[in-house]
Amino acid sequence: MADTFQKFKDSTSRAITRISVKTSSSLEKSKIKMHIESITKDVQQLTYEVGELLYALWLQGESSSGALTAKLELIKQKKDEIEQLTVELNSIDARDNEILGNKVATCPGCGAECDTTSKFCRKCGYKLQ
Ligand SMILES: [Zn+2]
């Protein structure tokens, strides 16, 4: 009887841990995603500006300028930042899997890391089981 209760307590506290880990991670992840989204908008704006600038230069018979290079470097910087944030996002998933003891498998379809309990790959939909 006491054993059953202990088991119930254990599984309940595991469930609570699971929920709290997932909740704090999803908050963390949505913050990073919003950051990525705003940088992506910056990149789109910059790309547009580069196009306009390039066109203006082309009209003047030129193909490059310091202003153009500066904008291109800024785009590169922002894209690097997006890449870094994406790595951060993935590491949150990896950390959660470690905390929760999820077994991780590599999807044969796309190489993404998937929970072995999932039926389909989250990324490409490949049937895992
Ligand atoms: Zn996949």
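**A stretched-out chain with few buried residues**

Just 2% of the 129 residues in the chain are buried (20 or more other C-beta atoms, placed from the backbone, within 10 Å of a residue's own; 12 or fewer is exposed, and anything in between is partly exposed). This is a predicted model, so local features need pLDDT of at least 70, side-chain atom pairs count only at pLDDT 80 or more, and totals for chains, interfaces and linings use all residues. Residues are numbered from 1 along each chain as its sequence is written. As for pLDDT (the predictor's confidence in each residue, from 0 to 100), the chain has a mean of 88, with 98% of its residues at 70 or more.

What about overall shape? The radius of gyration, taken over C-alpha atoms, is 23 Å, whereas a compact globule of 129 residues would come out near 14 Å (the rule being 2.2 Å times the number of residues to the power 0.38). Along the principal axes, the C-alpha atoms fill a box of roughly 85 × 30 × 15 Å.

Two helices and two strands make up the list of elements (DSSP runs numbered from the N terminus: helices are H or I, at least four residues; strands are E, at least two), and their order is α-α-β-β. Confidence is highest in helix α2 (residues 66–100), at a mean of 92, and lowest in strand β1 (residues 104–106), at 79.

Now for one residue in helix α1 (residues 2–59): K29. K29 is partly exposed because 16 other C-beta atoms lie within 10 Å. From K29 to E88 is 59 residues in sequence but 8.8 Å in space, C-alpha to C-alpha.
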